[in-house]
Amino acid sequence: MTLLFLAPLIWIAAAVPWVVLHSTLGRHHHASALTAALAFTLWFTWFLVTWLGMPDSYSAPLCPDNVPPWWPAFIPA
């Protein structure tokens with residue numbers, strides 16, 4: 001429900017980098033601007049889903065820290 005409530009702010013926060021990258025880098029390097037904007041959007045989506053999508057109070061018997069045992073340590077959860 002939090003993600004739905006924050007949807008307008010999330011959309012603005014995700015759209016601003018696209019506009020900035022298009023107006024700066026996109027004038028000369030279209031592919032680089034598109035790649036950077038897509039990378040930011042994927043990171044931003046991952047961040048919001050992991051930060052807002054899973055409450056800290058949710059406990060699971062197989063995952064006491066809400067992190068599965070097979071999850072790689074180099075990817076934050």
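At 26% relative accessibility, Phe-40 counts as partly exposed, because buried would need a value under 20% and exposed one over 50%. That ring is a handy way into this predicted model, where Phe-40, Trp-43, Phe-44 and Phe-47 come together as one aromatic cluster. The chain around the cluster is made of three helices and zero strands. Here is a short tour, starting with the rings and then moving out to the helices and the chain as a whole.

**The aromatic cluster in H3**

- Phe-40 and Phe-44 both sit in helix H3, which covers residues 30–52, and they are four residues apart, or about one turn of the helix.
- Trp-43 and Phe-47 form an aromatic pair that is stacked, with 5.5 Å from centre to centre and 10° between the planes.
- Trp-43 and Phe-47 are likewise separated by about one helical turn, because they are four residues apart in helix H3.
- In total, the structure holds four aromatic pairs.
- Phe-40 and Phe-44 also make a stacked pair: their ring centres are 5.6 Å apart and their planes meet at 15°, and planes under 30 degrees apart count as stacked.

**How covered the cluster residues are**

- Phe-44 has 13% relative accessibility, so this residue counts as buried.
- Trp-43 has a relative accessible area of 44%, which makes this residue partly exposed.
- Phe-47, with a relative accessible area of 31%, is partly exposed.
- The stacked pair of Phe-40 and Phe-44 therefore joins a partly exposed ring to a buried one.

**Helix H3 as a whole**

- H3 has 23 residues and reaches 32 Å from its first C-alpha to its last, close to the 33 Å expected at 1.5 Å a residue.
- The buried residues of H3 are Ala-33, Ala-37, Phe-44 and Leu-48.

**Helix H2 and Ser-23**

- H2 spans residues 7–24, which gives this helix 18 residues.
- From the first C-alpha of H2 to the last, the reach is 26 Å, close to the 26 Å expected at 1.5 Å a residue.
- Buried positions in H2 are Ile-10, Ala-14 and Pro-17.
- Ser-23 also lies in helix H2, and this serine is partly exposed, with a relative accessible area of 34%.
- The side chain of Ser-23 reaches the backbone oxygen of Val-20 at 3.0 Å.
- Ser-23 and Ala-33 are ten residues apart in sequence, and their C-alpha atoms are 9.3 Å apart in space. Ser-23 belongs to H2, whereas Ala-33 is among the buried residues of H3.

**The chain overall**

- Read along the sequence, the helices follow the pattern α-α-α.
- The chain has 77 residues, and 12% of them count as buried.
- Its accessible surface comes to about 6400 Å², and carbon and sulfur atoms account for 75% of that area.
- Among contacts in the chain with a separation of 6 or more, 32% link residues 24 or more positions apart.

**Confidence**

- The pLDDT averages 78 over the chain, and 83% of the residues score at least 70.
- Helix H1, residues 2–5, has the lowest confidence, with a mean of 75.
- Confidence is highest in H2, at 84.

Note on methods: Residues numbered from 1 in each chain as written. Predicted model: local features only at pLDDT ≥ 70, side-chain atom pairs only at ≥ 80, totals over all residues. Heavy atoms only, no water. Phe/Tyr/Trp six-rings, centres within 6.5 Å; stacked < 30°, edge-to-face > 60°. Helix = DSSP H or I, 4+ residues; strand = E, 2+ residues; numbered from the N terminus. Buried < 20%, exposed > 50% of the residue type's maximum accessible area, 1.4 Å probe, protein only. Expected span 1.5 Å × (residues − 1). Contact = heavy atoms within 4.5 Å. Areas by Shrake-Rupley, 256 points an atom, 1.4 Å probe, with all protein chains shown as cover. pLDDT = per-residue confidence, 0-100. Polar contact = N/O pair within 3.5 Å; in protein donor to acceptor, adjacent residues only side chain to side chain.
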